[in-house]
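I opened my notebook to work through this one slowly. Here is what I looked up, in the order I got to it.

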Protein chains: 2
Amino acid sequence: MSEIDNVRESFVQLWGAMGSFWGISPTGAKVYAWLMSRADPADSEEIMAGLELSRGAVSMACKELREWHLIEVEKAPGSRRSRFRPATDLEKVVRNIVQIRKRREWDPLREHLLEWIPQLEAEESPEAETFRRRLESLEGLITLADSMVEMFLKGGMVSKIGLKMLVRASRSDLPHPQLRFEQATQDKERP
Amino acid sequence: MSEIDNVRESFVQLWGAMGSFWGISPTGAKVYAWLMSRADPADSEEIMAGLELSRGAVSMACKELREWHLIEVEKAPGSRRSRFRPATDLEKVVRNIVQIRKRREWDPLREHLLEWIPQLEAEESPEAETFRRRLESLEGLITLADSMVEMFLKGGMVSKIGLKMLVRASRSDLPHPQLRFEQATQDKERP
DNA sequence: TTGAAGTTTCAAAAAGTCTTGAAATTTCAA
DNA sequence: TTGAAATTTCAAGACTTTTTGAAACTTCAA
C-alpha cells in the first residue's frame, strides 16, 4: 500500500470525526475529504467503492455537500452520470459554512434576546433585573461577534486589517497597535 | 405565571438546543441557562426541581460545566451542600470554550497535517502532489485561524485592534484601513 | 417516445448519545 | 472518629441521529 493511501485513509478518518464541528454529518465529511484526496472529480460508483458506502448514503452525502457549496456537480458530455468536484478554495468554503451557520443558529438567538429583554424590563423584581442585565451583556457579545463574522464574510479580515496586525495583536511581547475602545458591558454581580 | 418564568423557560429551551454548537451537552447547557436566569447561586436540589432532572443528571451536568469553567462551586459556611454560581463574565467564558475546543479539535488536525505533508512529498505521482498542495493550503488557513484565535485568547481582539476598525472593516461602504497583505496560498487546479 | 442508466426518497435498522437511579464513595459537623 | 448528608459513578434504558437499501422517480441517448 503506497503512502498516499495511508494519508488518504487517515485524512478521511480525521475529517469525518471533525464533521460535527462544522455541523456536517460524518459521512458527508468523509466524502469531502476523500474527494479532496483525489486529483480528479469522482462519480458515485467510485465514491461507493472508495469509502464502502451504499448508493443511498453517497447520494445523501453529496446532496448535503451541495447544499453547503462544498462540491460542484458536473456531467461529462455524452454521459448522464454526475461527477463531483470538491471546492478547493478553502477560504470561500469556510465563509459559506460560517454564513449558513450564522443564519441558522446565531441570528435566531439574537432575535429572541431582543424580544426577551423588553419583557423583563416590564417586570420590576431584582431577579428579573439581574437576568435582564445578563441577557443584555450576552446580546452585546453577540453583536460584537456578529460584526467580526460579517467582516470575515464580506471578504477578508486578512486583507482589510492586515496579517501583520493580526500577528502582532496575537503576541503579547510586542507593543499594541494604536486604536483603543471602551470595554464591553459587564455584569455587575452581587457579592 | 409571571413574565420572568416565560422568558426563563424559553431561554433554557433555546440555550439547551444550542448546546451542541458549543460542544456542551443539552442538559449541561440547560442547567447553565437556568442558573443564568437566577440572581443567586442554586444547589442541586433546586436545579432538580427547577428543571425536572434526576440527581445524577444534575451532578453530571455540573461536572461538565465545571470542566468548562462555566460555573463555580461554593459552599455556604457550616453546610456541606454545594451551590453553583454561573460565570457571568461572558467574554472569559467564551474564551475558555474556544481555548479548550481549539486544543481538543484543531491542534491535533494541524499536527497531523504537518506529518502528512512530508509523507506525500516523498511520493512523486501527480495525484499525491495535488493532494499535498491542498493539504498545504488547508494548513495555511488553519495557521491563520490559529493566529486569530490566539489573539482573541490573549485578551482582546477588541482592545487591541479596536472596535472602530472592526466595524469599519465589516462595512463595505467605507474606505479600508491601511495595512495590506499578500493573499493566502491557493490551490491551482487543473482545468 | 422508450427504457435502461442514474438519482432520490424514505421507512426501518443501526449506531451513537444522553438520562436515569440505585449503589458506591466521599465529605465534614458533631 | 463516626455516620448521615451529599456527591459521584456507571450500567441499563430512552432517545436522537445517521445509515441503509429497496422502491419510486427522473433523465436523456438512441
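**Entry: two helices and their angle**

Are α2(A) and α3(A) roughly parallel or roughly perpendicular to each other? Before answering, I noted that I'm working with a predicted model. I looked up the angle at which α2(A) and α3(A), residues 44-51 of chain A, pack, and got about 105 degrees, with the axes 11 Å apart. Angles from 65 to 115 degrees count as roughly perpendicular, so α2(A) and α3(A) are roughly perpendicular to each other.

Next I wanted to know who touches whom. From α2(A) I listed A:K30, A:V31, A:W34 and A:L35, and across from them A:E46, A:I47, A:G50 and A:L51 of α3(A). Sorted by class, this contact of α2(A) with α3(A) has five nonpolar residues, one polar and two charged.

**Entry: the other partner of α2(A)**

I then turned to α1(A), which covers residues 3-22 of chain A. α1(A) packs with α2(A) at an angle of about 145 degrees, and the axes are 7 Å apart. I checked the handedness too: the crossing of α1(A) and α2(A) is right-handed.

The list for this contact goes like this. α1(A) brings A:R8, A:F11, A:V12, A:W15, A:G16 and A:G19. α2(A) meets them with A:P26, A:A29, A:K30, A:Y32, A:A33, A:W34 and A:M36. I sorted the residues of the contact of α1(A) with α2(A) into nine nonpolar, two polar and two charged.

**Entry: DNA strand C**

On to the DNA. Which residues come nearest to DNA strand C? I found 19 residues around the strand, and the nearest are A:K63, A:R81, A:S82, B:T27 and B:A57. Of the strand C atoms that come within 4 Å of the protein, sugar and phosphate make up 64%.

I went after the phosphate oxygens next. A:R81 has a side-chain N or O atom 2.8 Å from a phosphate oxygen of strand C. For A:K63 I read 3.0 Å between a side-chain N or O atom and a phosphate oxygen of the strand. A:S44 puts a polar side-chain atom 3.2 Å from a phosphate oxygen of strand C.

Then I asked which elements supply the surface near strand C. At least two residues each come from α4 (55-67) of chain A, and from α2 (26-36) and α4 (55-67) of chain B. The largest share, six residues, is from α4(A). By class, I have four nonpolar, eight polar and seven charged residues on the surface near strand C.

**Entry: DNA strand D**

I repeated the search for the other strand. Around DNA strand D there are 18 residues, with A:T27, A:A57, B:S44, B:K63 and B:S82 nearest. Sugar and phosphate account for 60% of the strand D atoms within 4 Å of the protein.

For phosphate oxygens of strand D I jotted down three side chains. B:S44 has a polar side-chain atom at 3.2 Å. B:S59 has a side-chain N or O atom at 3.3 Å, and for B:R66 the distance is 3.4 Å. Two or more residues of the surface near strand D come from each of α2 (26-36) and α4 of chain A and α4 of chain B.

Which element gives the most to the surface near strand D? I found α4(B), with six residues. My last tally for the surface near strand D reads four nonpolar, eight polar and six charged residues.

Notes. Residues numbered from 1 in each chain as written. Chains lettered and ligands numbered in written order. Predicted model: local features only at pLDDT ≥ 70, side-chain atom pairs only at ≥ 80, totals over all residues. Heavy atoms only, no water. Near = heavy atom within 4 Å. Polar contact = N/O pair within 3.5 Å; in protein donor to acceptor, adjacent residues only side chain to side chain. Helix = DSSP H or I, 4+ residues; strand = E, 2+ residues; numbered from the N terminus. Nonpolar A, V, L, I, M, F, W, Y, C, P; charged D, E, K, R; others polar. Axes fitted to C-alpha atoms, helices over the stretch in contact; angles between N-to-C directions. Left-handed = near helix turned anticlockwise from the far one by under 90°. Contact = heavy atoms within 4.5 Å. Parallel < 35°, antiparallel > 145°, perpendicular 65-115°, else oblique.
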